[in-house]
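This report describes the nonpolar cores, a loop residue, and the metal and ligand sites of one protein chain. The model shown below is predicted.

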Amino acid sequence: MKEIEGIITDAPKGGAKYGKFQIIEDEGNIRVQTLYTGICGTDRGMVAGHLDFTYNPEGQSFTVLGHEALGRIMDPGSSTAFKKGDLVVPVVRRPGDCINCRIGRPDNCSDGKKHEAGITGKNGFMRKSFVDSEEFLVKVPDSSMLDYAVLTEPMKNVMKAMEVFGTVSRRAIISSDDSTFEGMRCVVIGTGPEAFLYAMSFSDLGFSTIITNRHPIDDNRMKILSYFHITFVDYSKDDSLIGDNINVIVDTSGDPGTIFRFFRRLSYNGIALLFGTNSNAPATGVDGRDIDRMIERNLTLVGTVDAAKIHYVQALEKLSRWGNMPNSPLKNLITGIYKPSDTGIFTERNPNEIKAVIKWA
Ligand code: DN4
Ligand code: BGC
Ligand code: ZN
């Protein structure tokens, strides 16, 4: 057993406590000082006791929270891949022994026996330091990314979804006549951190990109969107602004009614990427015409979860490029920096919050 100072929850019951606790020792020989951890819906869902699939590590009656982290190597142990002072991001999923886990793709785990740091059966990173193995740490290429590299974990989900998009879009050509995506239309549902990272990525590819919610959004959000050439539409006011002939939908709301509202406007060969989860969302009606349309238009409705280590590397490249653009507003995605003792942020969310983070050092 080892004493740590951090934030714990009892999975799946919930609650959040900050203090000193005895935990089962981590596997690995590289010690990492935690600099920042991000807070996301998964952490809040765990604290609220809403996520039945979560569980504590074997032999512990609690889980150290946190799966979105940026750290600094304190002691590289026997690793030659890292040196003291390097910035690193730890990966969330730890492989089980199914075929996908064995090929480095626990994001596509085929029997559910993988573990997830801070979520399912492994302690997370909301603590002053942790120990890990080389294979589960990704080096941050550029130390100027200190202020925003904590966004790597949420961004890695987007890079995986882009891979899924690449795979399913092979069934028919959905690019423009000139082979780019210029003029193609993407609608992202939701205005949280993942929705922003998706919209920025599709806009980057050349899609004419709309982000939408059922209420207006604050000035900080509007400024970031304007920088990345993304249009915001409050669909509760004027949903016609979104129009028809959408090529790609990305959902981060998990609300079936909203998903189908826009799914019905997909163009031929359109693709809907489902990412948001909300078990409490109400049921919605799907009728025979929806199915006919899906078939006649070759529509694709596809779910995507988590990401592999390669997507963390791609996420870092993308964030570095965005972060180094002139007058980049990337840092403004982080709207609140909290102390580890501020455990109230797990139960209250500032309406203008995009991403809240905890500063550990
Ligand atoms: P978030 O900040 O809670 O984002 C959800 C967004 O959806 C918020 O902007 C919501 O707005 C919006 N929303 C909710 N209902 C509706 C609706 N009916 N119409 C339009 N917008 C709506 O969470 P996040 O950005 O961190 O993550 C997005 C989703 O992805 C969450 O459900 C996560 O659980 C899920 N997720 C999945 C993975 C994975 O598959 C990883 C990380 C997150 P408002 O209600 O705040 O106004 O690996
Ligand atoms: C994480 C994923 C993880 C998922 C589990 C998300 O917040 O980003 O890595 O697989 O939660 O539901
Ligand atoms: Zn998360």
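**Nonpolar cores**

The largest nonpolar core has 73 residues, and the members that touch the most others are Leu70, Phe165, Met200, Phe202, Ile211 and Leu333. Helix H3, spanning residues 152-168, contributes the most to this core, with eight residues. At least three residues of the core come from each of domain 1 (2-150 + 333-359) and domain 2 (173-297). Another core, of 15 residues, lies apart from it; Ile189, Ile246, Ala272 and Leu299 are among its members. In soluble globular proteins, nonpolar side chains tend to be buried together.

Which residues does Ile211 contact, once its neighbours within four places in sequence are left aside? The contacts of Ile211 are Val188, Gly190, Thr191, Ala195, Phe196, Ala199, Leu225, Ile230, Thr231, Phe232 and Val233.

**Leu51**

Leu51 belongs to the loop that runs between helix H1 (41-48) and strand S4 (63-64). Its relative accessibility is 18%, and because the limit for a buried residue is under 20%, Leu51 counts as buried. Outside its neighbours within four places in sequence, Leu51 is in contact with Pro12, Thr42, Gly45 and Met46. The C-alpha atoms of Leu51 and Ile119 are 9.3 Å apart, while the two residues are 68 residues apart in sequence.

**Zinc site**

The zinc ion (ligand 3) has three protein donors, Cys40 (SG), His67 (NE2) and Glu68 (OE), at 2.1 to 2.5 Å from it. Along the chain these donors follow the spacing C-x26-H-E. Cys40 sits in the loop between strand S3 (30-39) and H1, and Glu68 sits in strand S5 (residues 68-75), so this pair ties together parts that are 28 residues apart in sequence. Both Cys40 and Glu68 are buried.

**Ligand 2**

The residues around ligand 2 are Cys40, Thr42, Phe53, His67, Val92, Arg93, Glu116, Ile119, Glu153, Lys156, Asn157 and Asp306. Two of the zinc donors, Cys40 and His67, are therefore also among the residues around ligand 2. The table gives polar side-chain contacts with this ligand.

| Residue | Atom in ligand 2 | Distance |
|---|---|---|
| Thr42, polar side-chain atom | oxygen | 2.7 Å |
| His67, polar side-chain atom | oxygen | 3.2 Å |
| Glu153, side-chain N or O atom | oxygen | 2.6 Å |

Thr42, which has a polar side-chain atom 2.7 Å from an oxygen atom of ligand 2, is also one of the residues in contact with Leu51.

Methods
Residues are numbered from 1 along each chain as its sequence is written. Chains are lettered from A and ligands numbered from 1 in the order in which they are written. This is a predicted model: local features need pLDDT of at least 70, side-chain atom pairs count only at pLDDT 80 or more; totals for chains, interfaces and linings use all residues. Side-chain values use heavy atoms; hydrogens and water are left out. A nonpolar core is a set of buried Ala, Val, Leu, Ile, Met, Phe, Trp, Tyr and Cys residues joined through side-chain atoms within 4.5 Å. Buried means under 20% relative accessible area, exposed over 50%, partly exposed in between (1.4 Å probe, protein chains only). Helices (H or I, at least four residues) and strands (E, at least two) are DSSP runs, numbered from the N terminus. Domain bounds come from an automatic or database domain assignment. Contact means heavy atoms within 4.5 Å. Donors are N, O and S atoms within 2.8 Å of the metal (3.2 Å for Na, K and Ca); water is not among the atoms, so sites may look incomplete. A residue is near a molecule or strand if one of its heavy atoms lies within 4 Å of it. A polar contact is a pair of N or O atoms within 3.5 Å; within protein, one must be able to donate a hydrogen and the other to accept it, and residues adjacent in sequence count only if both atoms are side-chain atoms.
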